[in-house]
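Hello,

Here is the structure we talked about handing over. Please have a look, then read the notes below.

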Amino acid sequence: MKYICQVCGWEYDEEVGAEEYGIAPGTKFEDLPEDFVCPLCGVDKEQFTKE
């Protein structure tokens, strides 16, 4: 599943993760920490939508 930041367009792909931000491949979006924010623009998880 992929999730897109609705503010800046940064994409989080669960299969790929985001290792440059310390998120291992296979990490589900809902398993990201509650305080996770978009690494580009800083908005919270509520601003992401499923692709």
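**The loop between β2 and β3**

Pro33 sits in the loop that links β2 to β3. Keep in mind that this is a predicted model. Pro33 has a relative accessibility of 45%, so it counts as partly exposed; the bounds for that class are 20% and 50%. Lys45 lies 12 residues away from Pro33 along the chain. In space, the C-alpha atoms of Pro33 and Lys45 are separated by 9.4 Å.

Glu30 belongs to the loop between β2 and β3 as well. Its relative accessibility is 48%, so Glu30 is also classed as partly exposed. Measure of distance to Asp13: 17 residues in sequence, and 12 Å from C-alpha to C-alpha.

Asp44 is another residue in this loop, which runs between β2 (11-13) and β3 (48-50). Asp44 has a relative accessible area of 38%, and is therefore partly exposed. Which residues join Asp44 in a negative surface patch? They are Glu34, Asp35 and Glu46. Asp44 can be part of a patch because its 38% is over the 30% that patch residues need.

**The salt bridge**

How many salt bridges does the structure hold? The count is 1. The partners are Lys2 and Glu11. Their closest N and O atoms are 3.8 Å apart. That pair qualifies because the cut-off is 4 Å. In general, side chains of opposite charge can pair when their charged atoms come close.

Are the two partners buried or exposed? Lys2 is at 30% relative accessibility, so it counts as partly exposed. Glu11 is at 37% and so falls into the partly exposed class too.

**The chain overall**

The protein chain has 3 strands and 0 helices. Along the sequence, the pattern reads β-β-β. The C-alpha atoms fill a box of roughly 25 × 20 × 20 Å along the principal axes.

Does the radius of gyration agree or disagree with a compact globule? It agrees: a compact globule of 51 residues would have a radius near 10 Å, and the protein chain has 10 Å. Of the 51 residues, 33% are buried.

**Where to look**

Start with the patch of Glu34, Asp35, Asp44 and Glu46. Then go to the pair Lys2 and Glu11, which forms the salt bridge. Finish with Pro33 and Glu30, both placed in the loop between β2 and β3.

Best wishes

Technical notes. Residues numbered from 1 in each chain as written. Predicted model: local features only at pLDDT ≥ 70, side-chain atom pairs only at ≥ 80, totals over all residues. Heavy atoms only, no water. Patch = residues over 30% accessible without salt bridge, like charges linked within 9 Å, V, L, I, M, F, W, Y side chains within 5 Å. Areas by Shrake-Rupley, 256 points an atom, 1.4 Å probe, with all protein chains shown as cover. Salt bridge = Lys/Arg side-chain N within 4 Å of Asp/Glu carboxyl O. Lys, Arg positive; Asp, Glu negative; His and termini not counted. Charge placed at Lys NZ, Arg CZ, Asp CG, Glu CD. Helix = DSSP H or I, 4+ residues; strand = E, 2+ residues; numbered from the N terminus. Buried < 20%, exposed > 50% of the residue type's maximum accessible area, 1.4 Å probe, protein only. Rg over C-alpha atoms; globule rule 2.2 N^0.38 Å.
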